[in-house]
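Here's a quick tour of one structure, taken site by site. Have the sequence and the 3D view open while you read.

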Amino acid sequence: MSTDASPAPRGGTHDGVASRDLRSLPKAELHLHIEGTLEPELVFALAERNGIPLPYADVAELRARYAFDGLQSFLDLYYACMAVLVTEQDFYDLALAYLARAHDQGVRHAEIFFDPQAHTPRGISIDTVLDGLGRAMADAAARWDISGGLILCFLRDRPVAEAERTLESVAPRAHDLLGVGLDSAEDGFPPSLFEAVFGRAAELGLHRVAHAGEEGPPAYVAEALDLLGVERVDHGVRSIEDAALVQRLVADRVPLTVCPLSNRRLNAESSFQALPRLLEAGLVVTLNSDDPAYFGGYIADNYAVVADEFALDDTVLAGLARNSIDASFASPDRRAALLAEVAAWSAR
Ligand code: ADE
Ligand code: ZN
């Protein structure tokens, strides 16, 4: 990382003044809520297709609501917009639109979160969701050679018994999943609540990740490691407040899936500004987009905004892309192939 106090604009699509377009950097996306890729135009198109009335006159009025004062205010709109997702084709269209953008942004591997508990209470079966998302991923693999998988997230602010029922309902199709995660409102909903359901996910052979240390305290990060057995921590940025925890994460090489534009849009500017300290501490940082339709940019835009803000050079940026591939659940062969693509980018 450069210590230059007045960074030159560099690399990316965020501000259009890139010296090197960071869309060309091969990367993995490890923290992406598919429902958070629902662009306002698609909200309106699906509402019309499904005959669902919307409380907004047009796209501009909906977009005007994207002024969040924290995680909960974002989540309120995020869940409300999902009402337009009904059929298998809706989930396919949503995911294929994301994957087309991901391809354009240099994503070579995508591990995609979805929130079944935001759909099943509306009468939509988990099979409808999985079939649509899975078909889009298969098409993206064939069209663009994007690998990846689906991570089922439990909503931590809903009853634990509902999470257990959700997992059991999908157990016969566990082979269609890469893993499980934990998301939604964090404060007051510690990882410890979900110890048993994560234990069951491990029995089913699923990978485990969890949001922790986004708005919740560093203690939630430790709980996610100790009680849920997570292999990565989603966000995890508030770990920086606890030196012993940072030491542990560095020693165990636990990846953090950091989402800069999300932090900035959810008024967690101190989290956004923590990135250089996370890097200097030696943490395994990856950059991701979280809910790009709501936060003003996709993954290459996240790379670009931190490159500009913190004057990160190509070596650091390639290192972040390498981290994303190393931290993925891709096969060893696939990881080796993608790491070679990053090396080729660096050599160019
Ligand atoms: N669901 C979608 N985006 C989220 C975020 N940033 N934190 C927690 N839950 C989420
Ligand atoms: Zn998230």
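## Around ligand 1

In this predicted model, the residues surrounding ligand 1 are H33, L71, F74, L75, Y78, D183, S184, H211, E214, H235, D290 and D291. Three polar contacts are worth a look. The side chain of D291 puts an N or O atom 2.7 Å from a nitrogen atom of ligand 1. S184 gets to 2.8 Å from a ligand nitrogen, but with a backbone N or O atom. For H33, a side-chain N or O atom sits 3.4 Å from a nitrogen of ligand 1.

How much of the accessible area of ligand 1 does the protein cover? Of the 260 Å² that ligand 1 has on its own, 100% is covered by the protein.

## The zinc site

Next up is the zinc ion, ligand 2. Its donors are NE2 of H31, NE2 of H33, NE2 of H211 and an OD atom of D290, at 2.0 to 2.2 Å. Along the chain, these donors are spaced as H-x1-H-x177-H-x78-D. H31 and D290 bring distant parts of the chain together: H31 is in the loop between β1 (27–29) and α1 (40–50), while D290 is in the loop between β8 (284–287) and α13 (292–295), 259 residues apart. Both H31 and D290 are buried.

Why is the arrangement called irregular? The angles subtended by the 4 donor atoms around the zinc ion run from 85 to 174 degrees, and four donors count as tetrahedral only if all angles lie between 85 and 135 degrees. For reference, the ideal angle for four tetrahedral donors is 109.5 degrees.

## Two positive phi angles

D290 turns up again for its backbone: its phi is near 65 degrees, a positive value in a residue other than glycine. N267 is another non-glycine residue with positive phi, near 60 degrees, and its place is in the loop between α10 (260–265) and α11 (269–273).

Are these two residues buried or exposed? D290 counts as buried because its relative accessibility is 2%. N267, at 53%, counts as exposed.

## Strand β2 and its partners

Strand β2 covers residues 107–114, and 8 of its 8 residues are buried, so the rest of the structure largely encloses it.

Which strands does β2 pair with? One is β1, which runs parallel to β2 and is joined to it by 3 bridges; here K27 stands opposite V107. Another is β3 (residues 147–155), also parallel, over 6 bridges. In that pairing, A110 of β2 is opposite G148 of β3.

Note on methods:
Residues numbered from 1 in each chain as written. Chains lettered and ligands numbered in written order. Predicted model: local features only at pLDDT ≥ 70, side-chain atom pairs only at ≥ 80, totals over all residues. Heavy atoms only, no water. Donors = N, O, S within 2.8 Å, 3.2 Å for Na, K, Ca; no water. Tetrahedral: all angles 85-135°; square planar, octahedral: opposite > 155°, others 65-115°. Helix = DSSP H or I, 4+ residues; strand = E, 2+ residues; numbered from the N terminus. Buried < 20%, exposed > 50% of the residue type's maximum accessible area, 1.4 Å probe, protein only. Near = heavy atom within 4 Å. Polar contact = N/O pair within 3.5 Å; in protein donor to acceptor, adjacent residues only side chain to side chain. Areas by Shrake-Rupley, 256 points an atom, 1.4 Å probe, with all protein chains shown as cover. Pairing = 2+ DSSP bridges.
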